[in-house]
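Hi,

Here's the structure I promised to pass on. Have a look at it first, then read my notes below.

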Amino acid sequence: MPSLEKYPRREDERGVLERKMKDAGRLPPGQSLTLKWPVLHDGDVPAFDPEAWDFQVGGLVESPATWDYRSFMALPVATVRSDFHCVTRWSTFDNEWEGVPFREVLGRVRPRREATHVMVLGHLGEDPRGYSTNVPLADLDRPEVLLAFRNHGRDLSPEHGWPLRLVVPHLYAWKSCKWVRALVFMDRDKAGYWESSGYHMRGDPLREERFG
Ligand SMILES: Nc1nc2c(c(=O)[nH]1)N[C@H]1C(S)=C(S)[C@@H](COP(=O)(O)O)O[C@H]1N2
Ligand SMILES: [Mo]
């Protein structure tokens with residue numbers, strides 16, 4: 001009899017990895033591991049024009065800033081390995097992201113004392129500020145939060161957010177705004193795109209903060 005172990009089925013591999021993540025406390029409740037990297041967003045994938053692209057930071061900061069593409073890409077970069085949890089119940093693990101640490105931006109714009117939350121704005125179809133998601137400042141002021149442009153050593157594909165996306169690994173993935181273009185610092189929490197239709201204001205997957 002030929003050994004079946006020579007021909008592991010993909011589902012077995014998936015199940016084994018999922019069990020491993022569950023045992024390690026890394027699989028949030030109600031989530032399942034996928035070996036694929038699904039594409040999920042509202043609207044069309046935007047075209048990228050490096051001449052027109054900019055990244056704007058305003059609201060309650062000491063030094064509002066606008067970077068063009070070249071100057072943003074000149075900021076310090078880091079590589080972070082992290083997990084990713086979509087509220088539609090799939091999770092991916094040990095994703096290697098490369099990008100500008102969010103803290104590099106914080107250090108340059110210097111949030112004012114009153115700033116408690118950030119509205120993150122990104123493309124929705126043709127509108128460069130059409131998608132939005134609100135995130136507590138404390139959840140962005142962490143070393144693993146990146147403004148990312150590469151995944152596993154490769155430039156992001158357009159559908160995964162090229163040229164720049166936010167990655168907030170410890171919150172549900174709708175907070176990880178693709179095609180990110182602007183940040184607005186606020187002194188209170190305000191609902192973004194999905195949060196306005198009932199998604200949770202914070203979205204911690206370990207607490208299953210999906211709705212409300
Ligand atoms: N601009 C924008 N960013 C977005 C979304 C979106 O609709 N528009 N969807 C979010 C959701 S719900 C998820 S799960 C992740 C998916 O990222 P991926 O397509 O790279 O897997 O992107 C998030 N970022
Ligand atoms: Mo999602």
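A word on classes before we start: Ala, Val, Leu, Ile, Met, Phe, Trp, Tyr, Cys and Pro count as nonpolar, Asp, Glu, Lys and Arg as charged, and the others, Gly among them, as polar. By that scheme, the lining of the largest pocket has 16 nonpolar, five polar and three charged residues.

This is a predicted model, where local features need pLDDT of at least 70 and side-chain atom pairs count only at pLDDT 80 or more, while totals for chains, interfaces and linings use all residues. Residues are numbered from 1 along each chain as its sequence is written, chains are lettered from A and ligands numbered from 1 in the order in which they are written, and side-chain values use heavy atoms, leaving out hydrogens and water.

Back to that pocket (on a 1 Å grid over the protein atoms alone, an open set of points where a 1.4 Å probe fits, with protein on both sides within 12 Å along at least five of seven lines; lining residues have an atom within 4 Å of a point). The largest one holds about 380 Å³ of space. Of its 24 lining residues, Leu40, His41, Tyr131, Ala173 and Trp174 are the closest to its centre.

What takes up this space? Ligand 1 does (more than half of its atoms lie within 2 Å of the pocket's grid points). Around ligand 1 there are 19 residues (each with a heavy atom within 4 Å), and the closest are Pro38, Asp42, His160, Arg165 and Lys178.

Now the polar contacts (pairs of N or O atoms within 3.5 Å). Oxygen atoms of ligand 1 come up in each of these:

- 2.7 Å from a backbone N or O atom of Pro38
- 2.9 Å from a polar backbone atom of Leu40
- 3.0 Å from a side-chain N or O atom of Trp37

The protein buries 98% of the 530 Å² that ligand 1 exposes when taken alone (Shrake-Rupley method, 1.4 Å probe).

One backbone oddity to look up: the peptide bond from Trp162 to Pro163 is cis, with omega near 15 degrees.

Cheers

Terms used: Grid points are joined across faces, edges and corners, and a volume is the space filled by probe spheres set on the points. A polar contact is a pair of N or O atoms within 3.5 Å; within protein, one must be able to donate a hydrogen and the other to accept it, and residues adjacent in sequence count only if both atoms are side-chain atoms.
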